Amino acid sequence: MAHEHKLEIFRGAWKFKSNVSKIWGVFTFLCIVTAIEVVLGIIKPEVLTANRFLAMKLLNWIFIILTLVKAYYITWDFMHMRDETSSLRRAVVWTGVFLICYLILILLIEGDYIYEVYKSNYVKFDF
Amino acid sequence: MEATVAKTGTEGKTWGGGNRPLNASYGKMMMWFFIVSDALTFSGFIASYGFSRFKFIDAWPIADEVFTHVPFLHGVPAPMYYVAFMTLVLIFSSVTMVLAVDAGHKMQKNKVVWYMFFTIIGGAIFVGSQAWEWATFIKGDYGAVETKGGKILQFLDTNGERVAIADFAEFMPQARENHLEKNGIWYEAEPETRTNYSYEEVKAGFLANDNLLIRTQYLDENGEHIVLNRQESIAKLENDGKLVVEGANLKHNEYGHPLFADFFFFITGFHGFHVFSGVVINIIIFFNVIIGTYERRGSYEMVEKVGLYWHFVDLVWVFVFTFFYLV
């Protein structure tokens, strides 16, 4: 049981003296990220909603990237993934990542296709 | 547990059992298996939400306009704040959970008890907030009219502010005969819920107030709802209007497309069920800690396992928060 904890986050840029202080550090970081998300969600800056990258609004890119960042720190530090063997880590993470990416790709392309069909065919939908 | 296992003569050998693959104990490994499969279930739900949203991308409700309530602040539009609060509560309960696990590693029983207690309280606050959010969503806000094609028409004044149907609908008293099962061809009883106003009342009120306009559920290229002018509004309401919708359920949704409500109930409900079961499991472990089960066992690994589950619930909420409320 006597686990060795790795006590640094951000690739060693932030080191902690004990596991407890690391937990509070990660919590602070997660709070800041959530606060940024909420503030952006309320303000919705014009620059970020008007411009798109790869067909998605910049604001949505920010939200999704910040979500993945939060997910990383919850898994790595709260669920102690950082302290597990790399093979366990890969078995869990890559399985999820590949299957979920594939599922999202297929379903979103299909949803967009149906949208185009609804929009451009001769059946009236708005009545 | 190992008391009744027959000896095979291979103890200590690689295939003799007893060694721990990937350096994780059996229980922790199985918890990870479960978490991976549950993560795939949730991603299936969220991806199908994405599918439906892409399918009706120009008619999807804007979450900011739907979830604008905070308890005790009636009539103050405050989008996001309450969900942000719920998110913080859940993250904080994750922190107390991981502190409990840490205290367990050091065999500090009293600390484990207190941290588990705070975790349970956090989970209960979250589930309660979720219930309140559901109740507000089901009760509805302004009310709307549904067309024959199942589209939602909402009402605005000329300043672009939303107007509740209760504020303009005309009271038209009429005798309403209760429909009995024996009168119907298919023995259908009365519907269980009935709206406070009828379509006729809303229509009469709309025609009497010249400053009212109709907002459709369709969005323009800037993501704003399309607002009809007065002539178009009257024509739309008279030709297509069918029934009044107040609040949301699985069939009708005053905020927009009914699928939005369906997914909201399903995904947040499934997540809320996870939180609830997490709280129950936490309570069981909490009492086990108090009576000293793990102290005698010499290991608090059970706290770590339930902790994994609890963090997973938090992890799922991070994604639900993004895809339901932010994006």
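Helices (H or I, at least four residues) and strands (E, at least two) are DSSP runs, numbered from the N terminus. With that in hand, let's work through some exercises. This is a predicted model, in which local features need pLDDT of at least 70 and side-chain atom pairs count only at pLDDT 80 or more, while totals for chains, interfaces and linings use all residues. Residues are numbered from 1 along each chain as its sequence is written, and chains are lettered from A, with ligands numbered from 1, in the order in which they are written.

**Exercise 1. Describe the fold pattern and the spread of chain A.**

Step 1. Count the elements: chain A has 4 helices and 4 strands.

Step 2. Put them in sequence order, and the pattern reads β-β-α-α-β-β-α-α.

Step 3. Check the spread. The radius of gyration (taken over C-alpha atoms) is 20 Å, while the globule rule (2.2 Å times the number of residues to the power 0.38) gives 14 Å for 127 residues, so chain A is more spread out than a compact globule.

Step 4. Add the extents: the C-alpha trace of chain A spans about 70 × 35 × 25 Å along its principal axes.

**Exercise 2. Find the domains of each chain and the separation of their centres.**

Step 1. Domain bounds here come from an automatic or database domain assignment. For chain A they are domain 1 (1-83) and domain 2 (85-120), with 22 Å between the centres, taken over C-alpha atoms.

Step 2. Chain B is assigned domain 1 (22-140 + 260-326) and domain 2 (144-246). The centres of these two, again over C-alpha atoms, are 38 Å apart.

**Exercise 3. Which elements of chain B touch chain A?**

Step 1. Start with the totals: 45 residues from chain B and 44 residues from chain A take part in the contact (C-beta atoms, placed from the backbone, within 7 Å).

Step 2. Helix H1 (26-55), helix H3 (81-105) and helix H10 (301-326) of chain B each give two or more residues to this side. H1(B) gives the most, with 13 residues.

Step 3. Sort the chain B side by class: 24 nonpolar, 14 polar and 7 charged residues. Ala, Val, Leu, Ile, Met, Phe, Trp, Tyr, Cys and Pro count as nonpolar, Asp, Glu, Lys and Arg as charged, and the others, Gly among them, as polar.

**Exercise 4. How do H4(A) and H1(B) pack?**

Step 1. Helix H4 (residues 86-120) of chain A and H1(B) have axes 8 Å apart, at an angle of about 15°. Axes are lines fitted to C-alpha atoms, for helices over the stretch in contact, and angles run from 0 to 180 degrees between N-to-C directions.

Step 2. H4(A) and H1(B) are therefore roughly parallel. Angles under 35 degrees count as roughly parallel, over 145 as roughly antiparallel, 65 to 115 as roughly perpendicular and the rest as oblique.

Step 3. By class, this contact has 16 nonpolar, 8 polar and 3 charged residues.

**Exercise 5. Work out the relative direction of two helix pairs within chain B.**

Step 1. H3(B) and helix H4 (residues 109-139) of chain B cross at roughly 160°, their axes coming within 8 Å. H3(B) and H4(B) are therefore roughly antiparallel.

Step 2. Residues of H3(B) in this contact include B:Met86 and B:Phe92, and those of H4(B) include B:Tyr115 and B:Phe126.

Step 3. For helix H8 (residues 258-290) of chain B and H10(B), the axes come within 10 Å and cross at roughly 160°. H8(B) and H10(B) are therefore roughly antiparallel too.

Step 4. The contact of H8(B) with H10(B) has 16 nonpolar, 6 polar and no charged residues.

Technical notes: Contact = placed C-beta atoms within 7 Å.
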